[in-house]
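Notebook open, structure loaded. I want to go from the overall fold down to the side chains and jot down what I look up along the way.

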Amino acid sequence: MNLTSSGVALRFLFALLLVLLSYNPSGYSYFHWLYRSFDLEHITPYVVIAGIILLIGWGIYLKATLNSLGLIGILALGALFACLVWLFIYWGFLSVENISAMAWVIEILLASLLAVGMCWSHFTRRMSGQVDVDEIEQK
């Protein structure tokens with residue numbers, strides 16, 4: 001299966017949805033929904049089902065990212081993204097005092113890390129011709 005630019009974009013879009021639906025500074029996220037449910041002292045089945053769906057999504061993305069990038073790759077990409085945040089602060093595009101803007105940038109970078117993790121095996125196979133050990137070719 002070939003990886004196209006639309007495939008990369010879709011993987012990023014789903015990663016961004018996963019991250020932003022889990023938590024975002026706007027107040028409309030699963031985290032805020034769950035928090036309000038605890039305030040009302042009751043949790044509905046809707047909250048539990050949504051949480052399970054998010055856990056499944058996180059499991060898929062984290063497993064694929066860990067399998068394709070490995071711990072060293074995740075740490076290296078995380079360090080690169082941390083330096084990008086530092087660079088944005090250094091240039092004055094981002095302020096440490098603006099917690100909301102900082103959270104949005106970090107969430108976009110986290111989604112980017114997950115999307116790279118979902119695509120990395122395709123990239124390395126195309127560049128080197130090597131297939132990951134956990135991939136099985138079906139013909």
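**Fold.** I started with the secondary structure and got four helices and zero strands for the protein chain. Reading along the sequence, I wrote the pattern down as α-α-α-α. Note to self: this is a predicted model.

**Chain totals.** Next I pulled the numbers for the whole chain. It has 139 residues, and 30% of them count as buried. The accessible surface came out at about 9,600 Å², with 72% of that belonging to carbon and sulfur atoms. I also checked contacts with a separation of 6 or more: 63% of them are between residues 24 or more positions apart.

**Cores.** Which residues make up the largest nonpolar core? I found 10 of them: Ala15, Leu16, Leu18, Val19, Tyr30, Val47, Leu54, Tyr61, Ala111 and Leu114. Helix H1 (5-22), H3 and helix H4 (99-128) are the elements that give two or more residues to this core. H1 gives the most, with four residues. I then clicked on leucine 18 to see what it touches, skipping residues up to four places away in sequence, and got Leu54, Gly57, Trp58 and Tyr61. Apart from this core lies another one, of eight residues, including Phe81, Leu94, Met102 and Leu113.

**Aromatics.** I searched the whole structure for aromatic pairs and got four. One of them is tyrosine 23 with phenylalanine 31, an edge-to-face pair at 5.5 Å centre to centre, with 75° between the planes. Phenylalanine 31 also pairs with tyrosine 35, and that pair is stacked: 6.4 Å centre to centre, 15° between the planes. Phenylalanine 31 and tyrosine 35 both sit in helix H2 (residues 30-39), four residues apart, about one turn of the helix. I logged Tyr23, Phe31 and Tyr35 as one aromatic cluster.

Are these rings buried or exposed? I looked up two of the residues. Tyrosine 23 has a relative accessible area of 35%, so it goes down as partly exposed. Phenylalanine 31 is at 45% relative accessibility, so it also counts as partly exposed.

**Serine 37.** Still in helix H2, I stopped at serine 37. Its relative accessible area is 7%, and because the limit for buried is under 20%, serine 37 counts as buried. What does serine 37 touch, leaving out residues up to four places away in sequence? I got His42, Ile43 and Val47. Val47 is a name I already had from the largest nonpolar core.

**Surface patch.** Last lookup: nonpolar side chains on the outside. Phe38, Ile43, Val48, Ile52, Ile56 and Ile60 make a nonpolar surface patch of about 570 Å². Ile43 turns up here after turning up among the contacts of serine 37. Which helix gives the largest share of the patch? I noted helix H3 (residues 45-91), with four residues. Isoleucine 56, a patch member, has its place in helix H3. H3 is also on my list of elements that give two or more residues to the largest nonpolar core, so I have it filed under both headings.

Conventions. Residues are numbered from 1 along each chain as its sequence is written. This is a predicted model: local features need pLDDT of at least 70, side-chain atom pairs count only at pLDDT 80 or more; totals for chains, interfaces and linings use all residues. Side-chain values use heavy atoms; hydrogens and water are left out. Patches are made of residues with over 30% relative accessible area and no salt bridge: like charges are joined within 9 Å, nonpolar side chains (Val, Leu, Ile, Met, Phe, Trp, Tyr) within 5 Å. Accessible areas come from the Shrake-Rupley method with a 1.4 Å probe; for residues, only the protein chains shown count as cover. A salt bridge is a side-chain nitrogen of Lys or Arg within 4 Å of a carboxyl oxygen of Asp or Glu. Buried means under 20% relative accessible area, exposed over 50%, partly exposed in between (1.4 Å probe, protein chains only). Contact means heavy atoms within 4.5 Å. Rings of Phe, Tyr and Trp (its six-membered ring) pair if their centres lie within 6.5 Å; planes under 30 degrees apart count as stacked, over 60 as edge-to-face and the rest as tilted. A nonpolar core is a set of buried Ala, Val, Leu, Ile, Met, Phe, Trp, Tyr and Cys residues joined through side-chain atoms within 4.5 Å.
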